[in-house]
Structures are given as structure tokens and as C-alpha cells.
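Open the model in your viewer and keep the selection panel at hand. This tour goes from the whole chain to one helix, then to the ligand.

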Amino acid sequence: MPVISVPQDFNEDDLYIDLESIFGRSLFLKCEGFNFAGSIKLKAAIEMVETAERDGVLTPDSILVESSSGNLGVALSMIAASKGYRFLCVTDSRCNLTTRLMMEALGSQVHVIAGQEANGSFLGARIDYLRTLCASDSRYVWLSQYTNPGNWKAHYRRTAPEIAHRFPELDTLFVGAGTTGTLMGCARFFREWHRPVRIIAVDSVGSVSFGGEAGRRMIPGLGMSIRPPLLDESFVDEVIRVEERDTIRACHRLARRGFLFGGSTGTVVSGAMGWLAEHGGDGRTAVAIAPDLGERYLDTVYQTNWLHGLYGDDVLGPEPANTESWVLPTSPPPAPSPGGRRPHLRAGERAGRRRHRRKSGGEP
Ligand SMILES: Cc1ncc(COP(=O)(O)O)c(C=O)c1O
């Protein structure tokens, strides 16, 4: 058991779940949510801050600024508090309330951008705001997770070697793509490794990261409304795109077995299981990365009205006819909401549906 004096010194880097008993196919899920920032973004945040310190860019009177939909903002808030920097997070209305309150509790300032672009994204508005801020005062230091090489180097130095150490026979690695920091760091590491590893990027439908049509995306973490500047596709063997309905189903299937994960984990697991079903998993050592845990998504991914409003009442499949079917040994269906499914929406819920339909395009 480690003894630490600063929060960023703790990270569980060797925890995997074998998903075979839940999904019927062997896939080792690397859990990255067990640290004081609650996500894989802690590694990128440490790397980017410490590089800026070493380069003399970040000094005691600097004010850190960054665009984040949540997890990087929490990680930077934690590190800033620990090291005594001021931090301003620029986010948008899709950042969930818990995440925003966490950043504020850690002493950060949060600026919520209102101006949505025609494609539903807030990214341009967030970046414009940061540019103006940095031009106004030289104390502002913008780490820029979308372009900072420290973002992928963190995973080249830490995440990928951790996987290689635990699975020397690794064949296939599934990595979700947001800024593509995790993907590029792992892909670059395994390109130089002693055996070939198939690198499979998992993206959400509606993201334009690897080309394709932009569309509504409600689950934060994965997908971009622009091509990620860090992405070099020559390191990626395949790309899988997952519908958000499938993401939701995978999250709930995991939760019904006691594993509460964030939305992007559902995307990666759903995509990986589909790929393994098609290509055969026998004898193959496959690993996927789970970027965070589920508490931050209780009022979205795990909230019935939110789900039904966005994805339809059947998103979680048919409800069990009786309580006995809840305890089937494999993939139990979801328990009904108290009072059963509501056939009609109330006025407020209808308005909620309309609101959700207008929003789209979450960025990391
Ligand atoms: C929950 C979650 N999943 C996945 C990602 C994607 O990671 P990356 O930006 O390294 O591609 C992020 C990034 O913010 C995230 O917050």
C-alpha cells in the first residue's frame, strides 16, 4: 500500500477485468479510473504540466488555462491545487454539473461557453475564448491537450508499457479516440515492440476524427468535430465506429454485473466485442482501455428519462416479464423502473427531449 503526500502520486496501473463471464468473449479491460482525478486524463495532465515546468513555460505566477469537457479539467484542477497554481477551465454546457462542482471544489475557476457552432460543437468557441485570453495577459499558460505532444507521450511512457508488462503475448489493443492522445501513445509504443500488435481505434458514430459525417453525439470523452491534430493514422490498423445506443447497452450490461463505468468505456467494450465476434477471439490476447468510472454519468448514461428522451424507450431492450429473469447467470436484462415503463412523456420530459435533440458533438 503506497503512502503519498501529493494526490497525483497515486494511480492504480495494474487492474484488469476479464470480461468473458459478462460478454462471453475474452477481453481484458484495463481500468484507468482509480486515482484521485478519477480518469486516465491524470497521466496526460501530469506529463503536460511537468514538461511546461521543465521548459520554464509554467512559473509560480502563471495561470493555467485549458479547454476540457471534464476529465482533463478535473485532473488539472487537482494538480494545480497540489502545486499551488491557479487554473481556469473553459468548458461548455455539456460539462456535467458534478464535474464542474468538482473543479470548483478543488479551487479552479470554470468558464462555461455558450456559443454553439452550426455543427453542434462548442470546440471552436472554446478555443477562440482561450486565444483571446492568452493574448490579453502573458501569465496565462494554455497546455492545449489537442496539440500538446505530452498528451500522447504520457501513454507512450506509462499506459502502453503497463499493458506490455502484464500481457507479453498481447495481440490486439482497443483504444477509444478523443484527442487521440491515448491512442497515439499506445500505438507508437507497440509499433516498436518485440511482437506485432493490432491497434484498433474505437470512435463514436457522428465523430469526424477519421472522416465521415458529423452527427449528434451526447456521450463525452470520445469523438471530435474536427480531425484531431495529434492523430497519425499510419499507426492505426483499424477504426471501429460505435452507435451511442450500443454504448448505452454495454454500459448497462457492465453495471448489471456491478461494474459502473463511464460512457466511453461502453463504447470501447461494445466496439471490441463486435470486432471479436466477427474476427474470432480464440487464443487471441486482447486488451481494451476503460478511461474512467460511472459516477460522473449517473444523471445521463444511467438515468432513465435522459436515455429514453435521446435514444427511445427501447434503448435498453425489453424489460423482464418477472423478477426471476433478473437473476439469469449471463447478461441479465435491466430491472424495470418503479411503476414500469411510462408509455407517454410528461410535458417537461418532452421539452427535455427537444433540448437533447438540439445538442450535439461532445469533445474531450
Ligand atoms: C472519459 C474519457 N474517455 C476517453 C477519452 C479519450 O482519451 P484521449 O483524449 O486520450 O483520446 C477521454 C478524454 O478526455 C475521456 O475523458
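A residue counts as buried if 20 or more other C-beta atoms lie within 10 Å of its own, as exposed if 12 or fewer do, and as partly exposed in between, with C-beta atoms placed from the backbone. This is a predicted model: local features need pLDDT of at least 70, side-chain atom pairs count only at pLDDT 80 or more, and totals for chains, interfaces and linings use all residues. Residues are numbered from 1 along each chain as its sequence is written.

Start with the whole chain. It holds 11 helices and 10 strands; helices (H or I, at least four residues) and strands (E, at least two) are DSSP runs, numbered from the N terminus. Of the 364 residues, 45% are buried.

Now select residues 263-279. This is helix 9, with 17 residues. Its first and last C-alpha are 24 Å apart, close to the 24 Å expected at 1.5 Å a residue (1.5 Å times one less than the number of residues). Is helix 9 mostly covered or mostly open? Mostly covered: 13 of its 17 residues are buried. Step on to Gly280, just after helix 9: its phi is positive, about 80°.

Next, the ligand. Show its shell: 19 residues surround it, each with its backbone-placed C-beta atom within 6 Å. The closest are Gly178, Gly221, Ser264, Pro291 and Pro364. Helix 3 (71-83) and helix 7 (181-191) each give two or more residues to this shell. Helix 7 has the largest share, 3 residues.

Finally, colour by domain, with bounds from an automatic or database domain assignment. The ligand lies between domain 1 (7-35 + 149-297) and domain 2 (41-142), because both give residues to its shell.
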